[in-house]
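Subject: Structure handover

Hi,

Here is the structure I promised to pass on to you. Please open it next to this email, and my notes on what turned up follow underneath.

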Amino acid sequence: MYRSHSCGELRESHIGQTVTLSGWVAKTRDKGFVVWVDLRDRYGITQLVLDEDRTSATLLEQARNLGREFVIQIKGEVIERASKNANISTGNIEVLVSELTILNESKTPPFTIENETDGGEDLRMKYRYLDIRRNPVKNNLIFRSKVTMEVRKFLSGQGFIEVETPYLIKSTPEGARDFVVPSRMNEGQFYALPQSPQTFKQLLMVGGMDKYFQIVKCFRDEDLRADRQPEFTQIDCEMAFVEQEDILNVFEDLTKYLLKEVNGVEIDSFPRMTYDDAMAKYGNDKPDIRFGMEFGELNTIAQHKEFSVFNDAELVVGIAVPSAAEYTRKELDALVDWVKRPQVGAKGMVYVKCNADGSFKSTVDKFYDQEDLAKWAEVTGAQPGDLICVLSGDANKTRTQLSALRMELATRLGLRKSNEFAPLWVVDFPLLELDEETGHYHAMHHPFTSPKPGQLELLDSDPGAVRANAYDLVLNGNEIGGGSIRIHDKDTQATMFKHLGFTPEEAKAQFGFLMDAFQYGAPPHGGLAFGLDRLVAILGGQETIRDFIAFPKNNSGRDVMIDAPAAIDAAQLKELNLKLDIQD
Ligand code: ASP
């Protein structure tokens, strides 16, 4: 028996008992006549004590020589601690060691295994197994496990069946590049790893599995903007014989259940907002509604004066920043520079200080009098003491820029509190999205998404105006889930492929299996997928998903611990019948 108790278990009630513990040496303190050892395992830390009066000289010497992270087993008596430590659960006791076995020695770890470590990110990733011994990482993994268990509990309670779908498949169009795997048995042919199990879950609906879910890895070969992973986990779901409303209700209930079970937060019902409203009010299809600062459109009141910048703009739009009228000239200049950075891309910014006495001071006083500015304040909801920030230009770009400013200022002002949860549904997404570069439309969600009833005809005349039965669940400014009601008949699906630029032959080659299936009694169906990594990070009150993944990849898609990806040897290439000819 390696252990009778864990290192987080012993309390005053155990005093007098002889126990066996196993764990890692977190720390030793040698006071000469007495040695203390902090023994750590997943459950906590227990203090061990050895001293000249009660411990043999050999044992004391052995304890003195223990290195950090040695794995040891001890036997001893639980005794009351002289100086208690209220900060840890085992802080009232210590174990007087009578036997000590070194189970394994350890090299000195390259960083300290403490809550606050001296190890930088790269080092921690290279030795992730040591990083996982640290409380913050360990606790995140335990937290993730709890969320995952609760998801399974809820969905299986609702009659969902967990079905696994294959990883070696062919392309599923979720809008990213595929990772491909060469097939040895089928020379010159490649599998694609699933960007999601989208087509398979639809086929499961044709198969009669009317409530499906799967906690599943998805693979997308995208440029890794901050906080994306090439492989990530989805809670993937699909239901048959449902309308949008049914799906929203089930997954709103799942989210409420998680918030309650995991965070102890109860939320009545989630607000709903159309995509168009979200864009108009927040410039963003995943608005953070924990705070206000809604957009106020100023076109009608700010145009047709002498200020040509506004007159020439498609959109003039502002936000009121609470209590920011006090910003100094230097701070305001810095803010203007911030919106002009290439990452944001605004040409400039107009601002209005709403003074406490009700007067206004703006950068455009030459063109607008106090009465004009009072109207701006009314439209943006600015109060005395607030600062109005106004951007102008092309409508879409300006909205995106103002949204970036809104989020930045809210972060600076501490309005994005991690223990506050503000979920909402964004509904009625456009079916198609125009790619400005190519001038082609592509599916905003994916090509299997159904247009709203009666809008199919619009596809020819005004494709950008077609709305879809597509929805996203947004939490604290993050899209944590998205899905749609699907097309379930062959003809509509064929029309959709045509509008996305597929020839009938291409559509057949790539998705013939799905269109075939639709001819054998496909039920109406729809679903959604949640990004588990992000959901867990937000529920855990943190921003980065990497901290909740046991073995994440870095921004270049590398696993620096196992050193992947890596070249494969000549024999393996030969077996695959592949020759490398790397182009620059
Ligand atoms: N397959 C979609 C995605 O990965 C989700 C869905 O439509 O159910 O975003």
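I began with enclosed space: searching the whole structure turns up two cavities of 30 Å³ or more. Please keep in mind that this is a predicted model. The idea behind such a search is simple: rolling a probe the size of a water molecule over the atoms shows where empty space is left.

The largest cavity holds about 100 Å³ of space. Its lining is made up of Arg290, Arg416, Ser418, Asn476, Asn478, Ile538, Gly541, Gln542 and Glu543. Sorted by class, that lining has one nonpolar, five polar and three charged residues.

For the second largest cavity, the space comes to about 40 Å³. Here the lining residues are Met125, Arg128, Phe551, Pro552, Asp559, Val560 and Met561. Five of them are nonpolar and two are charged, with no polar residues in this lining.

Next, the ligand, which I expect you will want to look at yourself. Which residues are closest to the ligand? They are Glu174, Gln198, Lys201, His445 and Arg486, out of 14 residues that surround the ligand. By class, this shell contains two nonpolar, eight polar and four charged residues.

Three side chains are worth displaying with their distances to ligand oxygen atoms:

- Lys201: an N or O atom of the side chain is 2.6 Å from an oxygen atom of the ligand.
- Arg220: an N or O atom of the side chain is 2.9 Å from an oxygen atom of the ligand.
- His446: an N or O atom of the side chain is 2.9 Å from an oxygen atom of the ligand.

On its own, the ligand has 270 Å² of accessible area, and the protein covers 92% of that. Two or more residues of the shell come from each of α5 (198-206), β21 (478-485) and β22 (525-531). Of these, β22 gives the largest share, with three residues.

There is also an open site to consider. The second largest pocket has a volume of about 550 Å³. Its lining counts 26 residues, and those nearest the centre of the pocket are Lys27, Asp38, Ile45, Asn85 and Ile88. The elements that contribute two or more residues to this lining are β1 (18-30), β2 (34-41), β3 (44-51) and α4 (135-157). By class, the pocket lining splits into seven nonpolar, eight polar and eleven charged residues.

To help you find your way around, the protein chain is divided into three parts: domain 1 covers 12-104, domain 2 covers 138-272 + 423-571, and domain 3 covers 291-413. Taken over C-alpha atoms, the centres of domain 2 and domain 3 are 37 Å apart.

Finally, a couple of backbone details for your setup. As background, most residues other than glycine have a negative phi, and most peptide bonds are trans. In this model, a cis peptide bond joins Ala564 and Pro565, with omega at about 0°. Pro565 sits in the loop between α16 (532-539) and α17 (570-575). Met293 has a positive phi, near 55°, although this residue is not a glycine. You will find Met293 in the loop between α7 (275-282) and β12 (296-297).

Have fun with it, and write back whenever you like.

Best wishes

How values were computed
Residues numbered from 1 in each chain as written. Predicted model: local features only at pLDDT ≥ 70, side-chain atom pairs only at ≥ 80, totals over all residues. Heavy atoms only, no water. Near = heavy atom within 4 Å. Polar contact = N/O pair within 3.5 Å; in protein donor to acceptor, adjacent residues only side chain to side chain. Areas by Shrake-Rupley, 256 points an atom, 1.4 Å probe, with all protein chains shown as cover. Helix = DSSP H or I, 4+ residues; strand = E, 2+ residues; numbered from the N terminus. Nonpolar A, V, L, I, M, F, W, Y, C, P; charged D, E, K, R; others polar. 1 Å grid on protein atoms, 1.4 Å probe; cavity = no way out; pocket = protein on both sides within 12 Å on 5 of 7 lines; lining within 4 Å. Points joined across faces, edges and corners; volume = space filled by probe spheres on them. Domains from an automatic or database assignment.
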